Structure formats: C-alpha cells, structure tokens
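Let us walk through this structure step by step, beginning with a pair of helices and ending with the relation between the chains.

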2 protein chains.
Amino acid sequence: MYRYRLMAPGPTPVPDSVLLKMAQPIIHHRTAAFEKIVEKVREGLKWLYQTENEVLMFASSGTGAMEASVVNLMRKGDRALCIDGGKFGERWADICQAYGIEYDVIKVEWGSAVDPKVVEAKLKEKQYRTVFTTASETSTGVLHPIEELAKLTRDLPETALVVDGITALGVTDIPTDKWGIDVLVSGSQKALMLPPGLSFASLSKKAIAFSEKSDLPKFYFDFRQELKSIQQNTTAWTPAVSLIVGLEEVLRLMKEEGLENIFKRHDILAKATRAAVQAMSLKLYAPEAPSPAVTAVYSPENINAGEIVKGLRDQFNMTITGGQAQAKGKIFRIGHIGYYDPMDIVNAIAAIESILIQKGHDVKAGLGVGAALEVISKN
Amino acid sequence: MYRYRLMAPGPTPVPDSVLLKMAQPIIHHRTAAFEKIVEKVREGLKWLYQTENEVLMFASSGTGAMEASVVNLMRKGDRALCIDGGKFGERWADICQAYGIEYDVIKVEWGSAVDPKVVEAKLKEKQYRTVFTTASETSTGVLHPIEELAKLTRDLPETALVVDGITALGVTDIPTDKWGIDVLVSGSQKALMLPPGLSFASLSKKAIAFSEKSDLPKFYFDFRQELKSIQQNTTAWTPAVSLIVGLEEVLRLMKEEGLENIFKRHDILAKATRAAVQAMSLKLYAPEAPSPAVTAVYSPENINAGEIVKGLRDQFNMTITGGQAQAKGKIFRIGHIGYYDPMDIVNAIAAIESILIQKGHDVKAGLGVGAALEVISKN
C-alpha cells in the first residue's frame, strides 16, 4: 500500500490547510467579505511578483492568460517575436497564428536556453511589438535567461516583453519590476500550490499603454476590464471563488516561509535531484541551464522513458511525467515545484532507482539517494 | 449568532460531500485515474443535458463558454440575432460587438419574456447565422420560452440556436436534443452546486458543422480542439481538476435525486417563494414568466431594495441580491437554484418579513412564511 505521490511539474500537491480552507462553505463574490479576500490576495500577489503594479486574475488555466497577453498587447498589423524552445514556447506562436498576427520564431534546440544575442540581433533587424518567451520551459527543464532578455526590451518604448512564468514564479527570483518584465503570466497549479483553474498576469505601465491601443478582438480576457475591476478588489466576471479563498491561505504560507527561503528550497531540491540522477549514471536533458522547477533526465539507452513512468505509477503509486513530442520515450521529468520538501525527492529517487535496477540498468542501490542526501545535508 | 446563509442566484451552496471530495489530495490530469473521472462526468453531463451529443467543459466562468459559442459558431460577415431582456441577454450583443460581428438585438422589456412571434418575424426578414438567447434571465427572474424559439430554428439548416442555460439547466426541463438546441451553455456555480470556475457547452451536429466553418479567431475557447479532447476523456488545456472531481460527486447526487424530482423541487421552492412575497403584499417583477431559479420582487415603494439586502446581511448573515442597472434599488432577488430545500425558503422569507416590518411595511408577522408553508405542504 503506497500513498499517492504526485511528483509531476504541475498540478502539484496542495497543502492540507489550503484544501481545508477551500472546503469551507462558499461565499458570494459580490460582498464586502469577498472583496476583503481579493484585497489581501491582490497585495499578496504584488509581493510574490515583486511589483508595484497590478496582477490580474482570470478563471482559466495558464493558457488563458497567455492568450490574454497576446490579444491585449498586440494590434492588427503588429509583428511578434516568439521564442520557442519547447512545447510551451511553441504555444506563443500558435496563439499568434490563431489571431492572424505576423510573427517570427526563434527556434531553440530542446534542452538549451535561448541566446540573448540572437534575440538582440532580431530586435535590431525588425520592429517587434512584443517578445513572447517562456521562463522555465516545463517540457525540457530549461530556465531561459529572462533578466538578459528584459535588458533588451525594457528601454524600448515600442517593444514589450511577455514572459510565461507559469513554472518560474515562486520558484526562482524573477523580480518583475526590477528586471522590467511587462507581463509575467502564471498559473495556480504550480508554485502557488493550488488546484488548476486560476491564472495571473502582471501589467507594467508599458503593458497598460499597449493594451489601451490594442485593437484585437477579446471579451473574457480583456486586460482593461480586469484592471479596472481589480483596482476595486473585484473581477470583471464571476471569479473562481474557492481557488481565490485558497490563494489567500497559500500566500500566507508563502509569506511565512519568505521569498528567499522559497527560492533556496527549490534550488536545493533541484540540485539534489540533479546530483541523484547523475550519480545513477543518467544524463541531464538540460545540463547547462536547468530549471529549478523540473528536472528532465535522459532514460538509459535501452530503457524507454515511458517504462520508468509506468513503473513508478504501478509499483509506487507515484506520478512523474515522460517526455512530450520529440522527447517522448527519451526523457522523464521529475517535478519539484511547490509544496515539496527534501524527503519527497528522496522518495522519487528511491523509486526511480528501484525501477532502473529492475529494468537492468547498472546502478548500485542507494547511490542516487545518497547523492541527493549529500546535497540536502550540506544545505 | 446566525450561520452564513447564501440565498443568491449563484454562487450557490456546495453540498458537504462535494466540498470534502474536492478537499482530497489533487491528482494529475494526464492519468488513467483522471480520465476515468472525465469519462463518468462526460456521461453524467449528457444525462443532465438530455443529449446524445458531447458536452464540452472549460476552465472559465460561464461568460467564457458564452464567448466560445459566439467565436465558434459565427463566421466573419455573418449576422447574429441577440435576444436581450436583461443583464445577461445584453452580454450576447456585447460579445458580438467585441468581435466585430454584425448583429440585431431584440430588446425585451425587463421582467417580460421574449415573444417568439417577434423572433419569427426577424428570422423571415433576414438571414441570421445564430440566434443567441438566455433561458433563465437571472437579472430579472424571467424564464424565456426556449422550446418555442427552438421550433423556429431547428429546421433551418443555416441558423443555429445558442441558449445561455446557466440558471436553467438542472432547474427546469430543457431537453437539449428533443427541443433542438444547438448549444446550451452552463456554469458550475448554479444548479450544479459547485464553486464557480467551470463552464459547459453542448454541441449539436449543426453546431459542430458551424464550428468547422467558423473563421473567427480563437485559441483557449476552441470547440474543435475541445471536442476532439473530450472524445478521448480529456481536455485540451489543463482542466480545473478539483472542480471536475466535485462534479463527479454532484452528478451522482443529482442522479440519486432524479431529473424529475430536481425539476419538481425547484418548482415548489419557486412557487413557495412567490406565494410568500405576494402574501406580504409585494409585487413580483416577472409575474407572467417567472424563472424557477430566482424570484425577483419589487421592494415596497417607500423602501429601497438595497435596504432589504443590507438588513438581511447585517441582521441575519444572509446574502440575497438587489437589482442591477435599471432595476437597482427597485427589486431584490432570492435565489433558489441548486442545493436548497423548503426550509431555506422559510428562512429567507422569515428574514425578509422581519426586515420589512422593521422598515415600516404593513405586513403581519407570519403571513409570508405561512403562505410558503402552505405551498410546501401541499406538494
């Protein structure tokens, strides 16, 4: 009898106190009581985003807030620059395509981070209204150099930077205002330790100015409407009340831990995971710019990565994820974003070690776990 | 000390067993375990909708599924006919406007239902791609004659009927297939007894054919993507996992009660409410076509309706809602949609009676409650 263990890069486990808050009788959203919650959450999101600007909330998954960023920042005839280094980077171009927006794509090899010089050259070549990028690319386990990208756009009055921070916010230091990110998109089911169904977007002054000039069609995802609403501690449409009630508790927990400690914890979990898989003679998929949210690992050559995922599921009641698209069968991915402590990493590594040994991979039992423990105890 | 009582027409109370289901540890959405839940929910929604076609699910509030219906059924250059008899009917035209769609509006006086003859005449006059209407108009407490409207469109191969059934589905008999409704939109926070954050749309064969020809921009709300996904017991984007887990339990509860009993219960609650307010010498706002989901009531001439709403809040810890827009201050609205039994109506009426007496309205204590009880005990 193994308890269920969710070790995927989202949805991620929800703390008990949050589950219990959300299990309380529902309240009406057009009441002073709920507005007080929104006011707290609004202030807490600013703290988490490290911004003095507003952070909008949508009842949708993260893709909704991505679409919102495209349709609110772009105008008809504008050109977008999309950085695509994986399944989630790809989505920016797909959204532009759906809205008939002209775009160029910087294709980045899976497992690598974008080279800011390539972006810089592109920005000199053409006039782009917005650069769309991913911070932590969940499909490859790569962390892109957002600070460097923001340096390229923040002083350009006619070019904004939109960052998919869905698996970066609350994991690693990504100070919205200090770096000059115009829109930082996030979702509830990652570092925010909630069920999926809420998404977020911060808006810089530049982003607000762009949204006022945008002429693309939109209704549910209208930044101007939501900005006006959040300033009155409400939302334009019926909000996901229970998730917002949970968010209040999540932000309380996060403040209690403190931003620096949160970033440090994720860093240790990621380092422990990387040390462990390497000690088991496995190769990292993104060795040069690994994300602190998820570790992508090559399966041994003679073992399909899907077999490892299945083994963990069937023998250990544990969910990790395999590779997507071109990485399918080749890699598996261990999530360590959100409500995890070092013992969760020990569990995941122990299970992977056990399956690898069963599948005939040449590794001595305990090597992986030992390497993880060494990183953990040093920190 | 009064316990909190939510008597608004949505969000509505969530049954304890549903709250507890949703408070269980979250599971990953790309797993066989979750697909089994989606399979059950998919089948349950077909039962509730009385349809053999698919019902799509979106992580959004109801407005999202309304927008989805517009952008998936219409093509550039098509004309829409919007029936507007309140705040929610109005929204159809607003969405068409946002997407640059040509539309005509049939304005219906607040408190009245649309006359199918007016719609029939319009349909003879011009070619409309879609008729957009509301079933139960929450802002006025009116139930529109959907069966009659469906008769006008169901044999027209080039005109579809889209119905906002957000406060009608699971309240009153609205058999999707039998009547020939092409898209019936709904939301989680009404008769489905869940927190807000999930929306639904059924698709007739005509609606599917229209969606295949539609050329309006869309991404998150793409019917074709979601149709393909639901046929594989999944969703295109990360679903609102906890709400779907709750939905499984809700559908179990609803099946246990049975459709006919559910409709009968709502009918009794509505009749009891109407009898009670009339016994208190109050006038109904929608006497001719009252919705079984919500009862809208004129406040006595010398009492602002907002005062009654406030009195219930402050003295009885109870939420009902006032009027919106042109009905603001004039009416108050009592919700009886979803998880309510006759005693909830007794409570609401008792509280309203008490406030009315305090405000100097000439009514004998017990008259309203007595009238409600009479309806209840006769049924």
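A crossing of two helices is called right-handed if the near helix is turned clockwise from the far one by less than a right angle, and left-handed if it is turned anticlockwise. With that in mind, and remembering that the model is a predicted one, look for helix 13 of chain A, which passes helix 14 of chain A in a right-handed crossing. Helix 13 covers residues 342-358 and helix 14 covers residues 367-378 of chain A, and their axes come within 8 Å and cross at roughly 165°. Since angles over 145 degrees count as roughly antiparallel, helix 13 and helix 14 of chain A are therefore roughly antiparallel to each other. On the side of helix 13 of chain A, the contact is made by A:Pro342, A:Ile345, A:Val346, A:Ile349, A:Ala350, A:Ile352 and A:Glu353, while helix 14 of chain A contributes A:Gly368, A:Val369, A:Ala372, A:Leu373 and A:Ile376. Sorted by class, this contact has 10 nonpolar residues, one polar residue and one charged residue.

Turn next to chain B, where seven strands form an open sheet in the order 2-10-9-8-5-3-4, with mixed pairing. At the edges lie strand 2 (55-58) and strand 4 (102-107) of chain B, each of which pairs on one side only, and the twist from one strand to the next averages 20°. Within the sheet, strand 3 (residues 79-84) and strand 5 (residues 130-134) of chain B pair in the parallel sense over three bridges, and B:Leu81 stands opposite B:Val131 of strand 5. Helix 5 (residues 116-125) of chain B packs on this sheet, where it touches strand 3, strand 4 and strand 5 of chain B, and its direction makes about 155° with that of strand 4.

Finally, consider how the chains meet: 43 residues of chain A are in contact with 43 residues of chain B. The elements of chain A that give two or more residues to this side are helix 1 (16-22), helix 3 (62-73), helix 4 (87-98) and helix 10 (241-257), and the largest share, four residues, comes from helix 3 of chain A. By class, the residues on the side of chain A that touches chain B divide into 27 nonpolar, 14 polar and two charged.

How can chain A be laid on chain B? A turn of 180° with a shift of 0.0 Å along the axis does so, with an RMSD of 0.0 Å, and that is the relation of a two-fold axis. In chain A, the C-alpha nearest the axis belongs to A:Ser60 and is 2.4 Å from it. The same surface serves both copies, for 100% of the contact residues of chain A recur in chain B.

Definitions and conventions:
Residues are numbered from 1 along each chain as its sequence is written. Chains are lettered from A and ligands numbered from 1 in the order in which they are written. This is a predicted model: local features need pLDDT of at least 70, side-chain atom pairs count only at pLDDT 80 or more; totals for chains, interfaces and linings use all residues. Axes are lines fitted to C-alpha atoms, for helices over the stretch in contact, and angles run from 0 to 180 degrees between N-to-C directions. Angles under 35 degrees count as roughly parallel, over 145 as roughly antiparallel, 65 to 115 as roughly perpendicular and the rest as oblique. Two residues are in contact if their C-beta atoms, placed from the backbone, lie within 7 Å. Ala, Val, Leu, Ile, Met, Phe, Trp, Tyr, Cys and Pro count as nonpolar, Asp, Glu, Lys and Arg as charged, and the others, Gly among them, as polar. Copies are superposed by least squares on the C-alpha atoms of residues with pLDDT of at least 70 in both. Two strands pair if DSSP finds at least two bridges between them.
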